[in-house]
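Open the model in your viewer and keep the sequence panel beside it. The stops below are meant to be selected in order.

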Amino acid sequence: MRIVNLRHYRGSYIYCGRRLRFHRDLGPLEASPVGNPFLAGQEGPIVNCLRLYREWLHERIAEGSPLILGLFRELTDQSVLACWCTDLEGDAIFAAPEVCHCQVLIKGWRWWKNQQEAGNGTQQQHESGGQGSSANT
Ligand SMILES: [Zn+2]
């Protein structure tokens, strides 16, 4: 995994930020489903912002958000996540203090992936009870 800073990075990437109406080089950017809904400044310092994001992301994973899990399924260890904060690779992603929500995202993704691989498909969304439980009828 790699985090790149779009202020200067011009390769291929998965955008993880908010909607941007226009960028000189990149054009408009659609809001990413994993963008941080909490604004630094508004929520106080970045640490608060990242703490709120961690809680938010955890809730989305727990409820089985199709948007977020859809993106998670596409991520691999080779994925390049793009934001506007920093460039990080390897162990630096996991170092403290965190400076970008992509670090929180990658940790969340790893955790989710481990759960999947361990066969704990924990939440088999009980909210989508519509499609008939074909198991025992
Ligand atoms: Zn960032």
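The tour goes from the whole chain to the sheet, then to a helix and the core, and ends at two loop residues.

**Whole chain**

This is a predicted model, in which local features need pLDDT of at least 70 and side-chain atom pairs count only at pLDDT 80 or more, while totals for chains, interfaces and linings use all residues. Residues are numbered from 1 along each chain as its sequence is written.

Colour by secondary structure: the protein has three helices and four strands. Helices (H or I, at least four residues) and strands (E, at least two) are DSSP runs, numbered from the N terminus. Along the sequence the order is β-β-α-α-β-β-α.

Of the 137 residues in the protein, 22% are buried. A residue counts as buried if 20 or more other C-beta atoms lie within 10 Å of its own, as exposed if 12 or fewer do, and as partly exposed in between, with C-beta atoms placed from the backbone. Two residues are in contact if their C-beta atoms, placed from the backbone, lie within 7 Å. Among contacts between residues at least 6 apart in sequence, 62% join residues at least 24 apart.

**Strands**

Select strand E1 (2-5) and strand E3 (80-83). Two strands pair if DSSP finds at least two bridges between them; E1 and E3 do so in the parallel sense, over four bridges. Step along this pairing: isoleucine 3 has leucine 81 in E3 as its bridge partner, and valine 4 stands opposite alanine 82.

Now add strand E2 (14-15). E2 also pairs with E3 in the parallel sense, over two bridges, and here tyrosine 15 stands opposite alanine 82.

Next, add strand E4 (residues 88-89), which pairs with E1 in the antiparallel sense over two bridges. Arginine 2 faces glutamate 89 of E4 there.

**Helix H3**

Select residues 101-117, which form helix H3. What length should its 17 residues span? The expected span is 1.5 Å times one less than the number of residues, so H3 should span 24 Å, and its end C-alpha atoms are indeed 24 Å apart.

Show side chains for the buried residues of H3: His101, Cys102, Gln103, Val104, Leu105, Ile106, Gly108 and Trp109. Their cover includes E1, helix H1 (46-62), helix H2 (66-74) and E3. After the helix comes glycine 119, with a positive phi near 80 degrees.

**Core**

A nonpolar core is a set of buried Ala, Val, Leu, Ile, Met, Phe, Trp, Tyr and Cys residues joined through C-beta atoms within 7 Å. The largest one has 22 residues, and Ile3, Cys16, Leu81, Cys83, Cys102, Leu105 and Ile106 have the most contacts inside it. E1, H1, E3 and H3 each supply at least two residues of this core, and H3 gives the most, with five. Centre on isoleucine 106: leaving out residues up to four places away in sequence, it touches Met1 and Ile93.

**Two loop residues**

Go to serine 79, in the loop between H2 and E3. Is serine 79 exposed or partly exposed? Serine 79 is partly exposed, because 15 other C-beta atoms lie within 10 Å. Beyond its neighbours within four places in sequence, serine 79 is in contact with Met1 and Ile14. The C-alpha atoms of serine 79 and arginine 2 are separated by 6.5 Å, although these residues are 77 apart along the chain.

Finish at histidine 23, in the loop between E2 and H1. Histidine 23 is exposed, since it has 11 other C-beta atoms within 10 Å. Draw a C-alpha to C-alpha distance from histidine 23 to arginine 7: the two are 16 residues apart in sequence and 9.9 Å apart in space.
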